[in-house]
Amino acid sequence: CFPYKTCCAQLRRQTSGFTPALWTQSRAQPIVSQLAHIIGLRCWLLNCMNRSENMRRIRGKGTLPELCVYELLRERRFRPRQNVRELPGQPDLVVSGLLCVFVNGCFWHQHVGCSRSVVPRTNEEYWVPKLEQNVRRDRRQRRVLRRMGYGTMTVWECELHNDAASTINRIVRRVAKLRSK
């Protein structure tokens with residue numbers, strides 16, 4: 001089982017349409033930069049522009065952590081289905097028709113105790129309800145899936161960064177346990 005960072009590097013090469021230079025470029029940026037410098041709001045405005053660009057590029061499916069879990073499971077001879085629309089919550093992966101795996105980002109799904117799950121200090125009145133709503137929706141969807149007879153499992157982004165092999169082993173053990181029932 002190769003490490004998470006190696007997997008991510010390989011996937012980045014495969015999806016080579018995006019480069020860091022393209023991420024930061026914007027046609028309007030030079031004009032806005034000049035105007036902001038004149039007004040004296042350059043720092044604040046550029047930070048807002050960068051944040052807006054970053055948030056715009058975040059995807060809901062096909063993320064690097066999700067693709068890495070998928071590839072690591074395929075190495076173990078599993079054929080997980082991705083983003084199954086027929087199931088509530090559209091799980092990221094369904095392994096052997098028994099286990100629904102959600103690969104969650106620590107920030108978006110508020111991983112308790114993780115340093116990445118910090119609520120932004122700007123615009124807290126927007127972020128706090130939004131992130132709480134994500135957590136409530138996750139719980140509700142998992143409850144419905146368990147009632148339908150599926151096992152559910154959450155894989156956190158930080159777990160993949162720390163030790164991807166043990167995370168995949170945990171999924172494999174859970175599938176084996178569900179098969180034995």
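User: In which loop is Gln110 found?
Analyst: This is a predicted model: local features need pLDDT of at least 70, side-chain atom pairs count only at pLDDT 80 or more, and totals for chains, interfaces and linings use all residues. Residues are numbered from 1 along each chain as its sequence is written, and side-chain values use heavy atoms, without hydrogens and water. Helices (H or I, at least four residues) and strands (E, at least two) are DSSP runs, numbered from the N terminus. Gln110 sits in the loop between β3 (99-104) and α6 (124-147).

User: What is the phi of Gln110?
Analyst: Most residues other than glycine have a negative phi. Gln110 is not glycine, yet its phi is positive, near 50 degrees.

User: Is Gln110 buried or partly exposed?
Analyst: Buried means under 20% relative accessible area, exposed over 50%, and partly exposed in between (1.4 Å probe, protein chains only). Gln110 has 21% relative accessibility, so the residue counts as partly exposed.

User: In what order do the four strands form the sheet?
Analyst: Two strands pair if DSSP finds at least two bridges between them. The sheet is open, and its pairing is mixed. The order is β1-β2-β3-β4.

User: Which strands stand at the edges?
Analyst: An edge strand here has a single partner strand, so one side is left without a neighbour in the sheet. The edges are β1 and β4 (151-156).

User: Which residue in β3 is the bridge partner of Leu93?
Analyst: β2 and β3 run antiparallel, joined by three bridges. In β3, the partner of Leu93 is Val101.

User: What angle does the direction of α5 make with that of β2?
Analyst: α5 packs on the sheet and touches β1, β2, β3 and β4, where contact means heavy atoms within 4.5 Å. Axes are lines fitted to C-alpha atoms, for helices over the stretch in contact, and angles run from 0 to 180 degrees between N-to-C directions. The angle is about 20 degrees.

User: What angle does the direction of α6 make with that of β3?
Analyst: α6 also packs on the sheet, touching β3 and β4. Its direction and that of β3 make about 170 degrees.

User: How far apart are the end C-alpha atoms of α6?
Analyst: The expected span is 1.5 Å times one less than the number of residues. The 24 residues of α6 should therefore span 34 Å. The distance agrees, at 35 Å.

User: Which residue with positive phi follows α6?
Analyst: Buried residues of α6 include Trp127, Leu131 and Leu145. After the helix, phi is near 100 degrees at Gly149.
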